[in-house]
Amino acid sequence: MTTVPGAGGEVFVLWHARHLVLEEDGRTIHRDPDGGIHDDEEEWRIIGIYADEAAAERQRKASILLPGFRDEPDCFEISSLAIDQDEWVDGYFTEYPDGRQQD
């Protein structure tokens, strides 16, 4: 069965961020003061890609109950993604802890 993407040629990606680094006081920061997911040392996982946001939200609620995900229930994010649109158009580089960069 083929699913037709949502209106506007977009799909909805359900992500989960697993935070890997503890702060000096032993805490793990999951969200920044502005409510965004704390970007430090994290591992992003794609849970799934859905034709509408409601389906992604249903899966988020189900995933919160699963081992590993339930330890970081505030670290889910749903983002829309346009179909047939390139996202990485300029390439990328790696930045090392000592400041070096490599193409």
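The protein chain contains one helix and five strands. In this predicted model, these elements follow one another along the sequence in the pattern β-β-α-β-β-β. The chain has 103 residues, of which 19% count as buried. Its exposed surface comes to about 7,800 Å², with carbon and sulfur atoms supplying 49% of that area. Sequence-distant contacts also deserve a mention: when contacts between residues at least 6 apart in sequence are considered, 62% of them join residues at least 24 apart. With this overview in place, the helix is a friendly place to begin a closer look.

Helix α1 spans residues 53-63. Its N-terminal end is capped by D52, a side-chain oxygen of which lies 3.2 Å from the backbone nitrogen of A54. Within the helix, A55, A56 and S63 are buried. Seen down the axis of α1, the buried residues fall within an arc of 100°, so they line one face of the helix. The face turned away from this buried side carries the exposed residues R58 and K61. The two faces of the helix can thus be told apart by their residues: A55, A56 and S63 are buried, whereas R58 and K61 are exposed.

S63 is a good residue from which to step out of the helix. S63 has a relative accessibility of 1% and therefore counts as buried. Setting aside neighbours within four places in sequence, the contacts of S63 are with I47, F69 and F76. Two of these partners, F69 and F76, return below as a ring pair.

H16 offers a second view of the buried part of the chain. This histidine lies in strand β1 and is buried, with a relative accessible area of 0%. The side chain of H16 reaches the backbone oxygen of E72 at a distance of 3.1 Å. Beyond its neighbours within four places in sequence, H16 is in contact with E43, W44, R45, I47, F69, E72, C75 and F76. I47, F69 and F76 therefore appear in the contacts of H16 as well as in those of S63.

Aromatic side chains come next. A search of the whole structure finds two aromatic pairs. In one of them, the rings of W15 and W44 have their centres 6.0 Å apart and their planes at 90°, so this pair is edge-to-face. The pair links distant parts of the chain, with W15 in strand β1 (residues 10-19) and W44 in strand β2 (residues 42-50), 29 residues apart. Both tryptophans are partly exposed: the relative accessible area is 25% for W15 and 32% for W44. The rings of F69 and F76 also pair, with centres 5.9 Å apart and planes at 50°, so this pair is tilted. Here the partners are buried, F69 with a relative accessible area of 15% and F76 with a relative accessibility of 6%. An aromatic ring also takes part in a contact with a charge: the charged end of R100 sits over the ring of Y96, 4.3 Å from the ring centre.

Strand β3 brings another link between distant parts of the sequence. L81 lies in this strand and, at 33% relative accessibility, counts as partly exposed. L81 and F12 are 69 residues apart in sequence, but their C-alpha atoms are 6.1 Å apart in space. Not counting residues up to four places away in sequence, L81 touches G9, E10, V11, V13 and E87.

Finally, the loop between β3 (76-82) and β4 (94-95) holds D84. This residue is not a glycine, although it has a positive phi of about 60°. D84 counts as exposed, with a relative accessibility of 81%. The loop residue D84 is thus exposed, while L81 in strand β3 is partly exposed and F76 is buried.

Methods
Residues numbered from 1 in each chain as written. Predicted model: local features only at pLDDT ≥ 70, side-chain atom pairs only at ≥ 80, totals over all residues. Heavy atoms only, no water. Helix = DSSP H or I, 4+ residues; strand = E, 2+ residues; numbered from the N terminus. Buried < 20%, exposed > 50% of the residue type's maximum accessible area, 1.4 Å probe, protein only. Contact = heavy atoms within 4.5 Å. Areas by Shrake-Rupley, 256 points an atom, 1.4 Å probe, with all protein chains shown as cover. Phe/Tyr/Trp six-rings, centres within 6.5 Å; stacked < 30°, edge-to-face > 60°. Lys NZ or Arg CZ within 6 Å of the ring centre and 35° of its normal. Arc of directions from axis to C-beta. Polar contact = N/O pair within 3.5 Å; in protein donor to acceptor, adjacent residues only side chain to side chain.
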